[in-house]
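Hi everyone, thanks for making time for this. I'd like to walk you through one chain today, going from its sheet to its core and then to its aromatic rings. Let me put it on the screen.

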Amino acid sequence: MDVQLKIHRFVEGKKWVDTYNVPVTTGLTVLNALTYIKEKLDPTLSFTSACRSSICGACAVRVNGNAELSCEVLVEDLLARYQAEELTIEPLGNFTVIRDLVVDWDPKYARIKKVKPTLQPKDEFTPETGCSQSPADFDKYKKYAGCILCGSCVSECNKNTLNADDFLDPFAFVKAEKLVADSRSKSPAEHLKAVIDAGLWRCFNCQECTAKCPKGLDPAGAIEKLKEETFKHHLDDNVGARHAKAIYDDISESGTLDESKLNIKSEGYIMSAMRLPMALRLMNTGKMDPLASHPVNPEIKTIAAIVKAAEKADKEEA
């Protein structure tokens with residue numbers, strides 16, 4: 001049995017798709033298939049790889065529109081997943097393509113500097129005593145140390161697709177959460193200020209970065225933890241934090257959202273006034289009535305109990 005691979009090519013500004021037939025053998029990975037093409041069918045095909053052990057992250061590509069580590073995923077599993085005899089392979093999304101499946105990482109490495117990605121240890125640590133911590137404190141952030149910079153989270157990030165200028169790549173937020181959660185850090189607030197300025201509250205919360213992370217690191221969860229930490233460090237004087245607090249207050253007090261007041265609570269009266277044309281359109285179509293009384297959900301006691309249980313679980317986890 002052969003698999004038909006449709007590979008997106010890019011050379012010196014020209015784009016096209018080439019099709020190759022590769023024999024499917026037991027244990028054949030996408031990287032094996034690309035190597036087969038390079039060695040036996042077309043030496044001009046360009047892609048990157050290094051460790052072949054799911055550690056370096058260099059070989060990530062998109063297969064049928066989803067980011068994958070090509071050294072890890074089996075061709076036969078993909079054919080079964082998509083119920084097809086052909087696969088489309090293209091470079092990661094939200095990167096500048098250099099050639100074929102090779103993307104430019106330099107701008108991404110430059111952007112990670114925005115989170116101030118170095119640990120500044122507390123004054124209590126010295127070269128003589130070292131910079132140790134308890135296993136329990138290490139466990140709070142150790143999974144985030146497993147990021148291999150494969151770019152899968154960036155490729156599938158819908159916010160980056162829409163506009164990456166005002167939002168960092170998900171792996172940068174993972175790096176920031178690792179530093180903020182590290183008990184040895186002297187100034188976690190500095191990293192939090194940096195990520196707020198870099199678009200922390202602009203995340204769509206679409207969960208695509210978490211769904212596609214081959215290491216199960218939950219970048220979306222890291223972003224939510226960073227948001228939570230901004231409240232703990234009293235860095236909540238911004239639109240995103242006020243919006244989250246307004247939703248929390250509404251749900252806690254009435255069990256429903258008071259959408260007619262939500263924008264005012266988030267942005268204030270002046271900025272809300274600038275959105276008057278939109279408000280008028282919503283009122284005209286019956287989607288908003290600022291004069292209507294805000295209803296209380298008849299299940300408010302149950303909702304309040306759920307909120308308290310969630311808060312208790314969060315404290316126990318911390």
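Let's start at the sheet, where aspartate 2 stands opposite proline 23 in E2. Please keep in mind throughout that this is a predicted model.

Aspartate 2 opens a good way into the pairing of two strands. Strand E1, residues 2-11, and E2 pair in the antiparallel sense, over 10 bridges. Another bridge to look at is the one in which valine 11 has lysine 14 in E2 as its partner. E1 and E2 form a hairpin with 2 residues between them, and for those of you who like backbone angles, glutamate 12 in the turn has a positive phi of about 50 degrees.

On its pairing with E5, E1 runs in the parallel sense, over 4 bridges. There, isoleucine 7 has isoleucine 89 in E5 as its bridge partner.

Now zoom out a little. In what order do the strands of the open sheet come? The order is E2-E1-E5-E3-E4, 5 strands with mixed pairing. The edges are held by strand E2 (14-23) and strand E4 (66-69); each has a single partner strand, so one side of each is left without a neighbour in the sheet. From one strand to the next, the twist averages 35 degrees.

Two helices deserve a look here. Helix H1, residues 30-41, lies across E1, E2, strand E3 (60-63) and strand E5 (86-90), and it runs at about 100 degrees to E2. Helix H2, residues 75-82, packs on the sheet as well, touching E1, E3, E4 and E5, with its direction at about 110 degrees to that of E5.

On to the core. In soluble globular proteins, nonpolar side chains tend to be buried together. Here the largest nonpolar core has 57 residues, and those with the most contacts inside it are Leu5, Ile7 and Ile89. You have already met two of these, since isoleucine 7 and isoleucine 89 are bridge partners. What does leucine 5 touch, leaving aside residues up to four places away in sequence? Its contacts are Asp18, Thr19, Tyr20, Val22, Ala33, Ile37, Leu87 and Ile89.

Next, the rings. The structure holds 6 aromatic pairs. One of them joins phenylalanine 138 and tyrosine 141, at 5.4 Å centre to centre with 85 degrees between the planes, an edge-to-face arrangement. Is each ring buried or exposed? Tyrosine 141 is buried, with a relative accessible area of 3%, whereas phenylalanine 138 is partly exposed at 37%.

Tryptophan 201 and phenylalanine 231 give us another pair: their planes are at 90 degrees and their centres 6.0 Å apart, so this pair is edge-to-face. The pair links distant parts of the chain, 30 residues apart: tryptophan 201 sits in the loop between helix H8 (188-197) and helix H9 (208-212), phenylalanine 231 in helix H10 (residues 219-232). Phenylalanine 231 is partly exposed, with a relative accessible area of 29%.

There is also an aromatic cluster, made of Phe95, Trp105, Tyr109 and Phe171. Lysine 108 lies over the face of phenylalanine 95, at 4.9 Å from the ring centre.

Finally, the whole chain. Its secondary structure comes to 14 helices and 7 strands. Buried residues make up 39% of the 318 residues. The C-alpha atoms fill a box of roughly 70 × 65 × 40 Å along the principal axes. Among contacts between residues at least 6 apart in sequence, 64% join residues at least 24 apart.

Thanks for listening, and I'm happy to go back to any of these views.

Terms used
Residues are numbered from 1 along each chain as its sequence is written. This is a predicted model: local features need pLDDT of at least 70, side-chain atom pairs count only at pLDDT 80 or more; totals for chains, interfaces and linings use all residues. Side-chain values use heavy atoms; hydrogens and water are left out. Rings of Phe, Tyr and Trp (its six-membered ring) pair if their centres lie within 6.5 Å; planes under 30 degrees apart count as stacked, over 60 as edge-to-face and the rest as tilted. Buried means under 20% relative accessible area, exposed over 50%, partly exposed in between (1.4 Å probe, protein chains only). A charge sits over a ring if NZ of Lys or CZ of Arg is within 6 Å of the ring centre and within 35 degrees of the ring normal. A nonpolar core is a set of buried Ala, Val, Leu, Ile, Met, Phe, Trp, Tyr and Cys residues joined through side-chain atoms within 4.5 Å. Contact means heavy atoms within 4.5 Å. Two strands pair if DSSP finds at least two bridges between them. Axes are lines fitted to C-alpha atoms, for helices over the stretch in contact, and angles run from 0 to 180 degrees between N-to-C directions.
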